[in-house]
Amino acid sequence: MDASELDNPFWSSLRTRHCGIALSQGGAARYPADFAPFLGVTNAEADVAQAFETLIAPGESLYMLGIVPKTGRWRLEAFRPLAQMICERPLDVIDGPDTIELTRTHRADVLALTALVYPHYFRERTMEMGRYFGIYQDGRLAAMAGERLGTDGFQEISAICTHPDFNGRGYARRLTAMLSNDNLSRGRIPFLHVSHDNPRALNMYERLGYRHRRDIGFWSISRNPD
């Protein structure tokens with residue numbers, strides 16, 4: 001496996017696993033707006049000025065991860081780098097409630113949960129980027145985790161979240177371990193991204209068995225006012 005794919009994860013995913021939905025122009029590609037607000041470029045030296053004119057709508061902001069090009073008239077806002085973590089061995093799965101695969105019939109519950117605790121990045125069709133699993137309690141979606149970016153050899157675990165009413169029960173840990181192990185059994189290395197401003201999540205992933213691979217740059221990009 002070529003771990004360098006993880007240094008430019010949006011581009012890697014858009015050129016492989018998600019090439020069928022990618023909107024591409026020259027050395028740049030993005031997800032449709034109803035899938036994810038993510039844009040990738042082939043490398044930092046790519047001339048993508050014209051591509052950005054086509055791919056980014058006026059007033060729209062997208063996110064870039066790992067690599068950004070020379071932007072010219074485009075405005076970059078740098079955020080604190082994210083921790084990129086990977087899992088290379090099976091994880092212990094704690095006991096807990098049954099998990100189910102989430103389908104279109106669960107979409108409203110998924111969108112409500114992510115809007116509450118995982119805003120900004122989850123869109124109407126994000127669930128179509130991979131498989132998503134959840135735990136229901138008392139008729140409510142208590143926790144979920146799923147697959148987002150990916151290549152032939154790597155799979156991002158994403159949207160790991162728990163409703164505040166169900167915190168502290170180990171549901172997110174159980175889902176993350178189960179989904180990570182399933183991908184390892186399929187020959188894919190799980191990875192994830194987490195903010196350094198979320199030490200609780202960082203500690204949970206480390207305790208599970210994920211290791212820090214690198215810090216990775218994270219930006220938003222939008223059009224400068226004319």
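## A viewer tour: pocket, cavity, rings and cysteines

Sorted by class, the residues lining the largest pocket are 24 nonpolar, ten polar and eight charged. Keep in mind as you click around that this is a predicted model.

**Stop 1: the largest pocket.** Start by selecting I160, V194, N198, A201 and Y205, which lie nearest the pocket's centre among its 42 lining residues. The volume comes to about 1100 Å³. Now colour by element: β5, β9 (154–162), α4 (171–185), β10 (189–195) and α5 (199–208) each bring at least two residues to this lining. Which of them gives the most to the lining? That's β9, with seven residues.

**Stop 2: the cavity.** Next, look for enclosed space. How many cavities of 30 Å³ or more are there? The count is one, and the volume of this largest cavity is about 40 Å³. To see its walls, select E5, L6, P9, S12, S13, L149, G150, T151, F154 and F191. Two elements, α1 and β8 (140–150), give two or more residues each to that lining. Helix α1 has the largest share, at three residues. By class, you're looking at five nonpolar, four polar and one charged residues.

**Stop 3: the aromatic rings.** Show the aromatic side chains as sticks; the structure holds twelve aromatic pairs. Go to F10 and F38, a stacked pair at 4.3 Å centre to centre, with 10° between the planes. F10 sits in helix α1 (residues 9–15), while F38 is in the loop between β2 (28–30) and β3 (39–41), so this contact ties together parts 28 residues apart in sequence. Are these two buried or exposed? Both F10 and F38 are buried.

Then move over to F79 and F218. Their ring centres are 5.3 Å apart and the planes meet at 45°, so this pair counts as tilted. It bridges distant parts of the chain: F79 belongs to strand β5 (residues 74–86) and F218 to strand β11 (residues 211–223), 139 residues apart. The burial labels here are worth a click each: F79 is partly exposed, at 30% relative accessibility, whereas F218 is buried, with a relative accessible area of 8%.

Before you leave, widen the selection to F10, Y31, F38, Y63, F79, Y118, Y121 and F218, which form one aromatic cluster. Both of the pairs you just visited have their members in that list: F10 with F38, and F79 with F218.

**Stop 4: the cysteines.** Last, select C87 and C161. A disulfide is a covalent bond between the sulfur atoms of two cysteines. How many disulfides does a search of the whole structure find? Zero. Why is C87 not in one? Its closest cysteine sulfur is in C161, 19 Å away, which is too far for a bond; the cut-off for a disulfide is 2.5 Å between the sulfurs. Turn it around and C161 gets the matching result, because C87 holds its closest cysteine sulfur, at 19 Å, too far for a bond.

Switch on a surface to finish. C87 counts as buried, at 0% relative accessibility. C161 is buried as well, with a relative accessible area of 5%.

Methods:
Residues numbered from 1 in each chain as written. Predicted model: local features only at pLDDT ≥ 70, side-chain atom pairs only at ≥ 80, totals over all residues. Heavy atoms only, no water. Buried < 20%, exposed > 50% of the residue type's maximum accessible area, 1.4 Å probe, protein only. Phe/Tyr/Trp six-rings, centres within 6.5 Å; stacked < 30°, edge-to-face > 60°. Helix = DSSP H or I, 4+ residues; strand = E, 2+ residues; numbered from the N terminus. 1 Å grid on protein atoms, 1.4 Å probe; cavity = no way out; pocket = protein on both sides within 12 Å on 5 of 7 lines; lining within 4 Å. Points joined across faces, edges and corners; volume = space filled by probe spheres on them. Nonpolar A, V, L, I, M, F, W, Y, C, P; charged D, E, K, R; others polar.
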